Amino acid sequence: MPKVVSFQDPLPEPQRYRPQADRILSGDPAQAATNLFKSADGRFNSGIWEAQPGKWRVVFTESEFCHLLAGVIVVTGDDGSQRTFRAGDAFVSPSGFTGTWEIVEPAKKFYAYYE
């Protein structure tokens with residue numbers, strides 16, 4: 001029987017990475033993700049993500065729900081739309097979204113995505 005996953009339990013070591021070098025537009029957006037759940041088919045994932053200040057191009061092949069716990073993120077679409085999200089805000093980046101993410105202040109979020 002599957003177990004309920006608590007985000008309050010001690011966390012494993014996160015996976016640390018950076019966006020591809022050709023996508024980084026400014027700063028050094030070092031990131032860390034701790035994936036706490038993966039569905040049996042691998043299409044649904046959820047966990048905790050952190051990033052340092054910087055800006056990079058994004059291309060979403062998945063639909064992702066984000067609940068920002070700390071920091072400030074500016075999301076700009078290639079269509080010119082722009083939104084600023086702060087701690088406490090929640091949003092969805094839909095599959096097919098292209099544009100930039102800019103971490104203005106170190107950020108931390110809960111995420112859940114489906115691909």
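This is a short talk on a pocket, a nonpolar core and two strand residues in one structure.

Hi everyone. Before anything else, what we have on screen is a predicted model.

Let's start with the pocket. How much space lies in the largest pocket? About 670 Å³. There are 26 residues lining it, and if you want to find its centre, look for Tyr17, Gln31, Trp49, Glu62 and Glu64, which are the closest to that point. As for where the lining comes from, four strands give two or more residues each: β1 (15-17), β3 (31-38), β5 (54-59) and β9 (98-114). The mix of residue kinds goes like this: 13 of the lining residues are nonpolar, six are polar and seven are charged.

Okay, on to the core. In general, soluble globular proteins tend to have their nonpolar side chains buried together. Here, the largest nonpolar core has 17 residues. Which of them touch the most other members? Those are Trp49, Ile73, Val75, Trp101 and Ile103. You'll recognise Trp49 from the pocket, where it was among the residues closest to the centre. At least two core residues come from each of β4 (44-51), β5, β6 (63-77) and β9.

Let me zoom in on Ile103. Skipping anything up to four places away in sequence, Ile103 touches Trp49, Ala51, Gln52, Pro53, Gly54, Trp56, Val72 and Ile73.

Now take one step along the chain to Val104, which sits in strand β9. Is Val104 buried or partly exposed? Its relative accessibility is 42%, so it counts as partly exposed, the class between under 20% and over 50%. Outside its neighbours within four places in sequence, Val104 is in contact with Pro53, Val72 and Val74. Pro53 is a nice one to point at: it is 51 residues away from Val104 along the chain, yet their C-alpha atoms are separated by 5.4 Å.

Last stop, Asn35, over in strand β3. Asn35 is partly exposed too, with a relative accessible area of 35%. What does Asn35 touch, if we don't count residues up to four places away in sequence? The list is Asn45, Ser46, Gly47 and Tyr111. With Asn45 there's a polar contact between the two side chains, at 3.0 Å. A polar atom of the Asn35 side chain also lies 3.0 Å from the backbone oxygen of Phe37. And from Asn35 to Leu11, 24 residues apart in sequence, the C-alpha to C-alpha distance is 9.5 Å.

That's my tour. Thanks, everyone!

Key:
Residues are numbered from 1 along each chain as its sequence is written. This is a predicted model: local features need pLDDT of at least 70, side-chain atom pairs count only at pLDDT 80 or more; totals for chains, interfaces and linings use all residues. Side-chain values use heavy atoms; hydrogens and water are left out. On a 1 Å grid over the protein atoms alone, a cavity is a set of points where a 1.4 Å probe fits but cannot get out, and a pocket is an open set with protein on both sides within 12 Å along at least five of seven lines; lining residues have an atom within 4 Å of a point. Grid points are joined across faces, edges and corners, and a volume is the space filled by probe spheres set on the points. Ala, Val, Leu, Ile, Met, Phe, Trp, Tyr, Cys and Pro count as nonpolar, Asp, Glu, Lys and Arg as charged, and the others, Gly among them, as polar. A nonpolar core is a set of buried Ala, Val, Leu, Ile, Met, Phe, Trp, Tyr and Cys residues joined through side-chain atoms within 4.5 Å. Buried means under 20% relative accessible area, exposed over 50%, partly exposed in between (1.4 Å probe, protein chains only). Contact means heavy atoms within 4.5 Å. A polar contact is a pair of N or O atoms within 3.5 Å; within protein, one must be able to donate a hydrogen and the other to accept it, and residues adjacent in sequence count only if both atoms are side-chain atoms.
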